[in-house]
Amino acid sequence: YSTRWFPYPYPQISAVEGPVSGMEYPMVAMEARDETKEGLYSVITHEIGHHVQNQMGTMREFDQAAARMDERRRNALTVRLELQADCYAGVWGFYAAKRNLLEPGDVEEGLRAASAVGDDTIQKRTQGYTVPDAFTHGKAEQRVRWFRTGFKSGDPRSCNTFAAKDV
C-alpha cells in the first residue's frame, strides 16, 4: 500500500465496517457482516479506497458539495463516492495479483462479496423491494463493474466515477 499510494504510518492496517455507515479507523479490529476471507478483503480494500479519497481531497470536496444538496441528490453523489472506493479496491487487487498475493478464486469471491452488499440486493433481502433514491453504495452490478474497472486497469485515474456519465 505505502509504495503504491501514500505512506501508511502504522505497522498494520485494520478496518471496521460500521453497522449502518462505514467509517475506517486505523489499528482497530475487523468487524464485518461477511466473515469469509474474501468478504474481509473486500471490506478492507474498499475502506482503503476511502483512505485514498481522503488523501486526494475527494472526501473534503464531497462533504462540501453534499452539504448543499437535498437527500436524493446527496445519496446519488454518495453512490459515486462509494463506487470510486470499489474501483480503488480493484486497483489494489491489480497490484496484489501482480505480486502473487491472491489465491485462485479470490477475485471471484471478492466480486461475489461486493455483489452481496449492493443496495438493491440488501433492500430486496430486507424489505422485499428497492428504493433507488435511497441507495448510498450502488447496485450490485455497479459495485462489481467498478471493482473490475480498477482491477483490469490498475490505474486509479480510471476510477473517476464523478466524471462518468453513467455509473
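Of the 167 residues in the chain, 43% are buried, a term that here stands for under 20% relative accessible area, with exposed meaning over 50% and partly exposed the range in between (1.4 Å probe, protein chains only). The model is predicted, and local features need pLDDT of at least 70, side-chain atom pairs count only at pLDDT 80 or more, and totals for chains, interfaces and linings use all residues. Residues are numbered from 1 along each chain as its sequence is written, while side-chain values use heavy atoms and leave out hydrogens and water.

The chain has 6 helices and 0 strands, where helices (H or I, at least four residues) and strands (E, at least two) are DSSP runs numbered from the N terminus.

The largest nonpolar core, meaning a set of buried Ala, Val, Leu, Ile, Met, Phe, Trp, Tyr and Cys residues joined through side-chain atoms within 4.5 Å, has 11 residues, including Val52, Leu83, Phe135, Trp146 and Ala164. Helix 3, which covers residues 71-98, gives the most to this core, with 5 residues. Apart from this core lies another, of 7 residues, among them Met59, Ala65, Met69 and Leu77.

Cys87 and Cys159, which both belong to the largest core and are both buried, are joined by a disulfide with an S to S distance of 2.1 Å, the term denoting a pair of cysteine sulfur atoms within 2.5 Å. Because Cys87 lies in helix 3 and Cys159 in the segment after helix 6 (140-153), the pair ties together parts that are 72 residues apart in sequence. The link of Cys87 and Cys159 is left-handed, with -75° about the S-S bond.
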